[in-house]
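Biologist: I am new to reading protein models, and I would love a close look at a single part of this one. Could you pick a helix and walk me through it slowly, then place it in the rest of the chain?

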Amino acid sequence: MSTLVDDSRVRSGLRLGLPLAIGAAFAFGMSGAWARGLIDAGWTPGAAVTVRIWVAALVLLIPTVIALRGRWRLMQRNAGVIAAYGLLAVTATQLFYFQAVAVMDVGLALLIEYTAPIAVVLWLWMRRGEKPTGRSILGALIAFVGLILMLDVLSGRSVDIGGVLWAFGAMVGAAAYFILSAKSDTGLPPLVLAGAGLFVGAIGLTAAGLIGILPIAWNTDDVTYRFETVPWFVPVLAIGIIATALAYVLGIASTRLLGSRLASFIALAEVLAALLFGWLLLDQLPNLLQGLGAALVLAGVVVVKLGEPAAAQSGDPALATPGEQFVDALEVEGTSDETGRAGARTGPDPSNGP
């Protein structure tokens with residue numbers, strides 16, 4: 001009887017976790033298209049990403065304080081992790097991605113960023129000696145071929161090298177996010193790590209703008225998209241509230257319900273969302289060859305993930321009622337998103353977004 005009950009709870013966890021994960025992917029995926037409209041209206045990428053992170057940090061400020069529950073020493077003990085998360089996983093990833101979408105299609109830029117799981121595999125190999133499996137190597141090769149087709153190199157068309165390099169920079173930042181998110185020994189609730197990281201990133205970007213390192217220019221002109229022209233604050237609020245604050249919260253909740261391995265597969269829907277919103281808002285669509293390359297990149301990343309060592313299966317975050325699951329997904333008793341329930345698991349969690 002207990003087995004039947006547990007199976008029912010697992011299914012209920014999937015029913016709640018799957019829509020949350022898909023919602024997070026689509027929320028993250030719309031950021032590039034909204035930002036491109038601001039950039040075309042005269043905003044610099046630095047201004048777009050700074051306002052995005054400030055809006056999200058302020059929206060998550062109160063939930064972050066509540067999740068911390070007065071445990072300020074956790075912040076002190078993990079100051080280095082929070083700083084790295086804010087500057088690398090948040091600031092660098094979003095800034096480089098916005099720099100890329102300023103000169104190339106948003107979907108293609110995100111596809112390059114989403115080769116980050118391959119970079120993580122290489123990092124673990126060099127850093128920890130965790131040699132990738134044959135399947136992971138095959139997946140990396142498939143993704144590499146897809147990347148060549150996606151960049152349309154074979155057709156002889158000109159490629160914006162600067163945009164490609166910015167996108168690869170975003171990929172490095174995303175890889176740092178995956179690695180930092182997988183740390184299970186900090187004791188930081190995920191919501192605190194996200195909220196504090198966003199706040200650090202916002203301060204860092206503002207400081208860089210004030211001293212002239214980061215060009216920041218913005219205006220209050222209306223912004224034109226494919227469907228119509230809107231006031232400037234519409235994309236600003238959409239990026240900050242929906243594509244960042246809401247996206248992070250949904251990503252945290254879905255990862256705790258599904259586990260990082262399954263959630264990372266579903267997060268690939270962000271690429272499809274970026275392509276969809278790039279078409280809806282900007283009328284951007286890849287050509288046939290680029291579409292084939294995009295499919296190969298996605299297939300390669302999936303094969304890489306399938307080649308990872310099997311995660312420990314003791315326990316399951318889905319063994320609770322749906323209401324308990326969602327509340328517990330946002331409230332963490334001072335442990336990582338999966339350690340408190342199931343012990344250590346492997347595998348990063350790509351909830352990015354950009």
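Modeller: Happy to help; here is a walk along one helix, followed by its surroundings. Please keep in mind that this is a predicted model.

Let us start with the whole chain. Its secondary structure comes to 17 helices and two strands. The chain has 354 residues, and buried ones make up 52% of them. Contacts also reach across the sequence: taking those between residues at least 6 apart, 90% join residues at least 24 apart.

Now to our chosen part, helix α15, which covers residues 288–306. A good opening check is its length. With 19 residues at 1.5 Å a residue, α15 should span 27 Å, and because its end C-alpha atoms are 27 Å apart, the model agrees with that expectation.

Which residues of α15 are buried? They are Q290, G293, A294, V297, L298, G300, V301, V303, V304 and K305. As you look at those numbers, here is a handy rule: an α-helix has 3.6 residues a turn, so residues three or four places apart point the same way. Try tracing G293, V297, G300 and V304, which are among the buried residues of α15.

Next, a neighbour. Two packed helices are described by the angle between their axes and the distance between the axes. Helix α8, residues 116–128, has an axis that comes within 9 Å of the axis of α15, and the two cross at roughly 35°. The crossing of α8 past α15 is left-handed. On the α8 side, the residues that meet α15 are P117, I118 and V121, while α15 brings V301, V304 and K305. Sorted by class, this contact holds five nonpolar residues, one charged residue and no polar ones. On the α15 side, V301, V304 and K305 are also on the list of buried residues.

That brings us to the chain's nonpolar cores. In soluble globular proteins, nonpolar side chains tend to be buried together. Here the largest nonpolar core has 87 residues, and the members touching the most others are Y85, Y97, L111 and L198. Helix α6, residues 79–101, gives this core its largest share, 10 residues. Another core lies apart from it, with five residues that include L20, L250, A253 and L257.

For a second helix to set beside α15, look at α2, residues 31–40, where nine of the 10 residues are buried. Those nine are S31, G32, A33, W34, A35, R36, G37, L38 and I39. Is R36 buried or exposed? Its relative accessible area is 15%, and buried means under 20%, so R36 counts as buried. Leaving out residues up to four places away in sequence, R36 touches V101, A102, V103, M104, V106, L282 and Q284. After α2 comes G42, with a positive phi near 115°.

Two more residues round off the tour. G169 is found in helix α10, residues 161–181, and it counts as buried because its relative accessibility is 18%. G169 sits 76 residues from T93 in sequence, yet their C-alpha atoms are 7.2 Å apart in space. P63 belongs to helix α4, residues 61–68, and at 30% relative accessibility P63 counts as partly exposed. P63 and L191 are 128 residues apart in sequence, with 7.7 Å between their C-alpha atoms.

Definitions and conventions
Residues are numbered from 1 along each chain as its sequence is written. This is a predicted model: local features need pLDDT of at least 70, side-chain atom pairs count only at pLDDT 80 or more; totals for chains, interfaces and linings use all residues. Side-chain values use heavy atoms; hydrogens and water are left out. Axes are lines fitted to C-alpha atoms, for helices over the stretch in contact, and angles run from 0 to 180 degrees between N-to-C directions. Helices (H or I, at least four residues) and strands (E, at least two) are DSSP runs, numbered from the N terminus. A crossing is left-handed if the near helix is turned anticlockwise from the far one by less than a right angle, and right-handed if clockwise. Contact means heavy atoms within 4.5 Å. Ala, Val, Leu, Ile, Met, Phe, Trp, Tyr, Cys and Pro count as nonpolar, Asp, Glu, Lys and Arg as charged, and the others, Gly among them, as polar. A nonpolar core is a set of buried Ala, Val, Leu, Ile, Met, Phe, Trp, Tyr and Cys residues joined through side-chain atoms within 4.5 Å. Buried means under 20% relative accessible area, exposed over 50%, partly exposed in between (1.4 Å probe, protein chains only). The expected span of a helix is 1.5 Å times one less than its number of residues.
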